[in-house]
Amino acid sequence: PIQIAYAISLIRCSDFQSSTSGLLDAATVLRHSVHTQSVRNPASGSKYDYKLYAIVHTNAADCSNILSDLGYHVLMKDSPIQISEIRGDYLRKHVHKEWCCGADEFVKLYAYTIEGHPIVVHTDIDFMYVKPMDTLYDAMLKPPSSEEGKSAKQMIEMEYPDKVQPLDIQAYL
């Protein structure tokens with residue numbers, strides 16, 4: 001079966017809004033939801049397999065073992081962009097005020113470097129899948145002119161149904 005990459009990012013082990021036990025709980029729930037909505041659970045009806053990735057900032061190296069013990073493939077990374085490299089004045093001066101981790105959040109961009117999978121899905125760690133994503137994956141992977149591709153694309157519930165969508169939606173969604 002085709003293997004989809006599911007990635008999360010971890011910037012810090014704990015802070016005012018999270019804890020190590022919360023990390024363990026969230027990562028376990030996400031892993032379970034991906035598993036139960038995959039081909040590994042025949043009751044799901046899915047035809048897609050998965051591999052879990054955790055893009056871990058070097059600041060969070062101390063708790064990365066929690067994720068690897070749960071079956072996530074850990075990619076240890078520094079921030080790909082330093083604040084001094086940001087060209088726009090506003091962002092450069094205000095990025096440190098972003099919700100959690102300022103410029104360190106850019107570590108999520110490493111999801112674009114994960115190879116060996118036709119699709120990489122990056123979500124927050126506190127996300128849960130409640131049904132298979134096969135229709136969306138089919139719409140992305142099947143040729144747009146094929147019957148399977150057309151059918152899958154028509155089944156996707158669009159947020160803006162009147163907006164014209166590109167034929168090739170691989171990086172669009």
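Serine 33 is buried, because its relative accessible area is 3% and the cut-off for buried is under 20%. The model is predicted. Serine 33 is the starting point for this walk, and it lies in helix H1.

Helix H1 covers residues 20-36. Its 17 residues reach 24 Å from the first C-alpha to the last, close to the 24 Å expected at 1.5 Å a residue. Serine 33 is one of the buried residues of H1. The others are Leu23, Ala26, Ala27, Leu30, Val34 and Thr36. An α-helix has 3.6 residues a turn, so residues three or four places apart point the same way. What do the buried residues of H1 pack against? They pack against strand S1 (3-10), strand S2 (49-57) and helix H2 (64-69).

Return to serine 33. Leave aside its neighbours within four places in sequence, and serine 33 is in contact with Phe127, Met128 and Tyr129. Two of these names, Phe127 and Tyr129, lead to the aromatic rings.

The structure holds 3 aromatic pairs. One of them joins tyrosine 6 and tyrosine 129, with ring centres 5.3 Å apart and planes at 75°, so this pair is edge-to-face. Tyrosine 6 lies in strand S1, while tyrosine 129 lies in the loop between S4 and H4, so the pair ties together parts that are 123 residues apart in sequence. Both tyrosines of this pair, 6 and 129, are buried. Tyrosine 129 also forms an edge-to-face pair with phenylalanine 127. Here the distance is 4.9 Å centre to centre, with 70° between the planes. Ring pairs thus link Tyr6, Phe127 and Tyr129 into a cluster.

Are phenylalanine 127 and tyrosine 129 buried or partly exposed? Tyrosine 129 has a relative accessible area of 6%, so it is buried. Phenylalanine 127 has a relative accessible area of 37%, so it is partly exposed. Partly exposed is the class between the under 20% of buried and the over 50% of exposed.

Now turn to the surface. Val29, Met128 and Val130 make a nonpolar surface patch of about 290 Å². Met128 is also one of the contacts of serine 33. Where does valine 130 sit? Its place is in the loop between strand S4 (120-122) and helix H4 (134-141). Valine 130 counts as exposed because its relative accessibility is 64%, and the cut-off for exposed is over 50%. Tyrosine 129 lies in the loop between S4 and H4 too, but tyrosine 129 is buried.

Methods. Residues are numbered from 1 along each chain as its sequence is written. This is a predicted model: local features need pLDDT of at least 70, side-chain atom pairs count only at pLDDT 80 or more; totals for chains, interfaces and linings use all residues. Side-chain values use heavy atoms; hydrogens and water are left out. Helices (H or I, at least four residues) and strands (E, at least two) are DSSP runs, numbered from the N terminus. The expected span of a helix is 1.5 Å times one less than its number of residues. Buried means under 20% relative accessible area, exposed over 50%, partly exposed in between (1.4 Å probe, protein chains only). Contact means heavy atoms within 4.5 Å. Patches are made of residues with over 30% relative accessible area and no salt bridge: like charges are joined within 9 Å, nonpolar side chains (Val, Leu, Ile, Met, Phe, Trp, Tyr) within 5 Å. Accessible areas come from the Shrake-Rupley method with a 1.4 Å probe; for residues, only the protein chains shown count as cover. A salt bridge is a side-chain nitrogen of Lys or Arg within 4 Å of a carboxyl oxygen of Asp or Glu. Rings of Phe, Tyr and Trp (its six-membered ring) pair if their centres lie within 6.5 Å; planes under 30 degrees apart count as stacked, over 60 as edge-to-face and the rest as tilted.
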